[in-house]
Amino acid sequence: MASGVKPRVKVPKTASAGDAITIKTLISHKMESGQRKDKEGNPIPRSIINRFTCDFNGQNVLDVTMEPAISTNPYFQFQALVPEAGDFVFTWYDDDGEVYDAKKSVKMA
Amino acid sequence: MEFSRRDTFALGLGAAALAFLPMRAYASATDDLIAEFTGGADMAETGITLTAPEIAENGNTVPISVAAPGAVSILILASGNPTPPVATFNFGPLAAAQEASTRIRLAGTQDVIAVAKMADGTFARATSIVKVTIGGCGG
Amino acid sequence: MNTKLLQTVAALSLLAGVAVAGEDATLIINDEETMVTEAAAPAHAENLDRIYSGWVFRADETQVLQMDDFDNPAFVFTDQGQDLYDTVDGTAGESCANCHGDVDSFAGLTAQMPRVNSDGELETLTELVNNCRTERMGAEAWKYSASQMTAVTALIGLQSRGMPVDVAIDGAAAPYWERGKELYYTRVGQLDMSCSNCHEDNYDVMIRADHLSQGQTNGFPTYRLKNAKLNSRHGRFKGCMKNIRATPFKEGGDEFKALELYVASRGNGLSVETPSVRN
């Protein structure tokens, strides 16, 4: 499931030091649960994104352990503190070993 | 082999008990997961908010939100799913609030459970029942 | 299903008043674009007084997903559509962008589709895309409801978002429209039902746990929670036909094309909502 995986991230471009900002993330992924069967009745093996992390300038904001009950095209919304200008790094870990990431810079207003 | 009325009644009870087993298996799996997370500690009923729709239009995509001020992590379980774990949110030092929203899969009408582990080592729990509808044509 | 029962259901719904769920809700996208989700029915939809977007019939949680382009999962696919639009494919070494420039050059097109071309044939947006691919790009045609096709047609549809649906039904389009209308009112399948039985006589009624809409197509391709992907108009028609246990017509075939025109015309005046979110 490494093909066509595309992360989308929404982060304000600017913030004031100490601001709490809302972050939204979405990534295209089937999140094959391992519970389904194909047309011949054979189980379709599980293939999901099992972990999502968000860090800012090397410090962690959120680290999520994800299970097959997370919907297709996983979505998260959460709050982050921005102590200074810098970069948010978002990382998704696929069962198949692939790692997808996205980076967003925030400037001080 | 002949069955008396009483035998048949007993058989019926057995069947009912059997039919009930999977539910109990799920319930205990959920209880086990909670015990694993809390180490068997008591859970407060306050300090955590779980927001989920009363009725979900489609079990494939059910929006939920959790908030537990002061939590270090929040475990989400769907008690009626084939595998109850949904997600664990671990909040880092730069989390501005211990809250998050996501979209989850629910196999049917069931309790969604959120358990928060607070910074002081205590736990809090919230439960929300979500009715998952089976569509007419939409489902 | 017998007619009497249907009539009873219809009568009951009348008694209950025209309580369209979320009737008062307004679809404002990204806090700035207000959609027309209710309008006076066009004269040619003679059995309807008002027309309603399918958005109106959805639960609050589903409605919210369409109110912000980031929350709307369909945008994962329009992003993929943009990549496809910009990518060279086929023996001619062309991409969509090479000829058409920025995709916003397609503003307004989806609001008028399907339409009759210069050869007098009814043409859908999907066919336009495939014609370009095979005739100009030297690329293989995509399947009618392939993920690439719905991604690109959703991207093109997005350029018309907020514009009123305005398909032509007169002149050369008239015979196709008549054919579509005939199909709309023809009972088919083991359940012996027509489109109108659900979407005209009984919209706003619950069919089991599902809130029946008018079957408007102004939001297509639409992201459905059911299958977590973009769904084409013809794909949805096919699904409806299967539900009434009829043998579906072919996607891209003359029947569905005519039906697409007729159904679109019943929504003349609603905003294009592509890509919408439905259950």
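These are legends for a handful of close-up views of a predicted model with chains A and B.

**Figure 1. Chain B at a glance: one helix and nine strands.** Going along the sequence, the helix comes up before the run of strands, in the pattern α-β-β-β-β-β-β-β-β-β. Chain B has 139 residues, and 44% of them count as buried. If you look at contacts in chain B with a separation of 6 or more, 62% come from residues 24 or more positions apart.

**Figure 2. Strand β5 of chain B, with a partner strand in β6(B) and another in β8(B).** β5(B) covers residues 71–78, and seven of its eight residues are buried, so the rest of the structure largely encloses this strand. With β8(B), residues 110–118, the pairing is antiparallel and has seven bridges. To find your way along that pairing, start from A78(B), which sits opposite V112(B). β6(B), residues 85–91, also runs antiparallel to β5(B), this time over five bridges. Here L75(B) is the residue to look for, with T88(B) opposite. β5(B) and β6(B) make a hairpin, and six residues lie between the two strands.

**Figure 3. T30(B), a buried spot on helix α1 of chain B.** The helix spans residues 5–38 of chain B, and T30(B) is part of it. Its relative accessible area is just 2%, which is under the 20% cut-off, so T30(B) counts as buried. What does T30(B) contact, leaving aside its neighbours within four places in sequence? The residues are L77(B), S79(B), P84(B) and I113(B). Of these, L77(B) falls within β5(B), residues 71–78, while I113(B) falls within β8(B), residues 110–118.

**Figure 4. Where chain B meets chain A: 26 residues of chain B contact 29 of chain A.** The two chains bury about 2,200 Å² between them, with 53% of that on carbon and sulfur atoms. Three residues, L94(B), R103(B) and R105(B), supply 34% of the area that chain B buries against chain A, more than any other three. How many salt bridges are there between chain B and chain A? The count is zero. Polar contacts are another story, with 18 residue pairs between the chains (both at pLDDT 80 or more). On the chain B side, β6 and β7 (95–104) are the elements that give two or more residues. The most comes from β7(B), with nine residues. Sorted by class, that side of chain B has 14 nonpolar, nine polar and three charged residues.

**Figure 5. Strand pairing across the two chains, between β6 of chain A and β7(B).** The chain A strand covers residues 75–82, and the pair runs antiparallel over four bridges. For a landmark, pick F76(A), which stands opposite T102(B) in β7(B). As a general point for reading a view like this, side chains in a regular strand alternate between the two faces of the sheet.

**Figure 6. K37(A), an exposed loop residue in chain A.** K37(A) belongs to the loop that connects β3 (19–27) and β4 (49–56) of chain A. Is K37(A) buried or exposed? With a relative accessible area of 60%, which is over the 50% cut-off, K37(A) counts as exposed. Not counting residues up to four places away in sequence, K37(A) touches N42(A), P43(A) and I44(A).

Terms used. Residues are numbered from 1 along each chain as its sequence is written. Chains are lettered from A and ligands numbered from 1 in the order in which they are written. This is a predicted model: local features need pLDDT of at least 70, side-chain atom pairs count only at pLDDT 80 or more; totals for chains, interfaces and linings use all residues. Side-chain values use heavy atoms; hydrogens and water are left out. Buried means under 20% relative accessible area, exposed over 50%, partly exposed in between (1.4 Å probe, protein chains only). Two strands pair if DSSP finds at least two bridges between them. Contact means heavy atoms within 4.5 Å. Buried area is the accessible area (1.4 Å probe) that two parts lose on being put together, summed over both. A salt bridge is a side-chain nitrogen of Lys or Arg within 4 Å of a carboxyl oxygen of Asp or Glu. A polar contact is a pair of N or O atoms within 3.5 Å; within protein, one must be able to donate a hydrogen and the other to accept it, and residues adjacent in sequence count only if both atoms are side-chain atoms. Ala, Val, Leu, Ile, Met, Phe, Trp, Tyr, Cys and Pro count as nonpolar, Asp, Glu, Lys and Arg as charged, and the others, Gly among them, as polar.
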